[in-house]
Amino acid sequence: MHWNKFILAPLWCFCCGSIQAQEVALPSSLEVYGNACDKISKDEPKSSVRVRVTDMASYAAAENMPELAQYRKQLNDHDFSILIYNLIDNYLDDITVKTLVEDGRELCVEVRGKIKPENMQIAWSETQEELKHRAEIAQMEANAHPNPQELYPKVDAPTPKMLIQPNGISDTPPAKLYFEPTRFYNNTRSNNFAKVLKQIFADMPNIQIVDTPREADYTIYSDVLRAKVDPINDHNNRLQMVVSLELRNAENHILITEHQNRFVLFSTEENEQDVAFRLLKKLFKNAAKLLYKKIERDNNRDASKERAQSEFITPNP
């Protein structure tokens with residue numbers, strides 16, 4: 001069963017004259033622009049970095065259009081991203097890309113382009129149809145596969161444990177983490193991919209993995225927002241994947257949300273599912289590092305407060 005089957009699944013103003021109403025010509029195209037930066041890995045072709053950063057900047061350009069505000073109110077973040085990708089993939093015209101920074105460590109670009117107002121309505125209609133279609137497919141798959149875990153690779157979960165820092169036992173209590181099943185944009189969920197995250201966090205100091213949200217100090221939500229394969233030529237394909245990790249505290253407040261977006265090129269002889277799984281693990285690992293920094297800061301701060309309060313209430317003799 002192929003990976004991409006389940007993962008790869010206007011506001012207008014008018015003007016009035018001071019004496020009489022004047023007809024105002026609506027703009028034939030709306031100008032958009034956005035910029036983005038990303039780090040350059042030494043083992044990654046510069047062309048791949050440029051493609052990735054250009055896509056990120058294009059997304060930023062379309063995402064911030066005020067004309068999309070009415071659509072954003074009607075969609076959740078995941079579904080709104082589908083609309084944005086539809087716009088930039090199919091309706092972004094007259095694109096120019098300007099390099100802002102390229103120093104061997106980081107590449108930053110600015111993207112400018114135009115979107116016709118009528119195409120925004122077309123993209124909106126297409127997105128509504130796409131969401132309806134995906135919901136129908138998800139229901140069909142749910143009926144055909146009562147146990148959706150069978151659709152995904154098996155990953156062994158690490159045994160819940162507290163890891164000790166290299167310099168000895170930490171005086172800061174371990175942060176207790178619970179992982180929600182990974183959600184995919186075709187409305188399926190998988191505990192097996194959440195296990196990938198458990199393995200990543202189990203290798204980080206002072207982390208304890210728990211089995212229920214009631215025990216947790218923090219809960220991590222993971223999403224695969226996009227996983228799309230495009231043919232480049234007879235011999236090569238391009239995979240784009242977008243993932244999101246969200247960290248919430250015990251009060252269910254969102255502390256940080258990290259998105260990772262990457263392109264990889266692979267041979268048509270390679271297995272799509274294997275390539276996608278390797279990329280997923282890489283993106284999860286990159287995002288997990290940023291979430292861990294937030295957990296570490298918060299956990300150390302809370303522990304310091306508790307120690308200060310304890311010393312104040314029961315001072316040493």
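The dialogue below walks through strands, hairpins and nonpolar cores in a predicted model.

Student: What holds the strands of a sheet together, and in which order do the 3 strands of the open sheet lie?

Tutor: In general, the strands of a sheet pair through backbone hydrogen bonds, and they may do so in a parallel or an antiparallel way. In this predicted model, an open sheet of 3 strands follows the order 1-3-2, and the pairing is antiparallel. Strand 1 (30-39) and strand 2 (93-102) are the edge strands, each pairing on one side only. On average, neighbouring strands of this sheet are turned by 15° against each other, if direction is ignored.

Student: How many bridges join strand 2 to strand 3, and which residue is the bridge partner of Asp 93?

Tutor: Strand 2 and strand 3 (residues 106-115) run antiparallel and are joined by 7 bridges; to follow one of them, start at Asp 93, whose bridge partner in strand 3 is Lys 114.

Student: Which helix lies across strand 1, strand 2 and strand 3?

Tutor: That is helix 2 (residues 46-63), which crosses strand 1, strand 2 and strand 3 and runs at about 135° to strand 1.

Student: Turning to strand 9, which strands does it pair with, and over how many bridges?

Tutor: On one hand, 13 bridges join strand 9 to strand 8 (residues 218-231), and these two run antiparallel; Tyr 221, for example, has Glu 246 of strand 9 as its bridge partner. On the other hand, strand 9 pairs with strand 10 (residues 254-267) in the antiparallel sense, over 13 bridges, and here Ser 244 has His 259 of strand 10 as its bridge partner.

Student: How many residues lie between the strands in each hairpin?

Tutor: Strand 8 and strand 9 form a hairpin with 4 residues between them. The hairpin of strand 9 and strand 10 has 4 residues between the strands, and there Asn 252 takes a positive phi near 70°.

Student: Why is strand 9 described as largely enclosed?

Tutor: Of the 14 residues of strand 9 (residues 236-249), 12 are buried, so the strand is largely enclosed by the rest of the structure.

Student: Which residues touch the most other members of the largest nonpolar core?

Tutor: As a general idea, nonpolar side chains tend to be buried together in soluble globular proteins. The largest nonpolar core here has 36 residues, and Phe 201, Ile 207 and Met 241 touch the most other members. Among the elements that each supply at least two residues of this core are helix 6 (191-202), strand 9 and helix 7 (272-313), and the largest share, 12 residues, comes from helix 7. Apart from this core lies another, of 23 residues, including Leu 75 and Leu 225.

Methods. Residues numbered from 1 in each chain as written. Predicted model: local features only at pLDDT ≥ 70, side-chain atom pairs only at ≥ 80, totals over all residues. Heavy atoms only, no water. Pairing = 2+ DSSP bridges. Axes fitted to C-alpha atoms, helices over the stretch in contact; angles between N-to-C directions. Contact = heavy atoms within 4.5 Å. Buried < 20%, exposed > 50% of the residue type's maximum accessible area, 1.4 Å probe, protein only. Core = buried A, V, L, I, M, F, W, Y, C linked by side-chain atoms within 4.5 Å.
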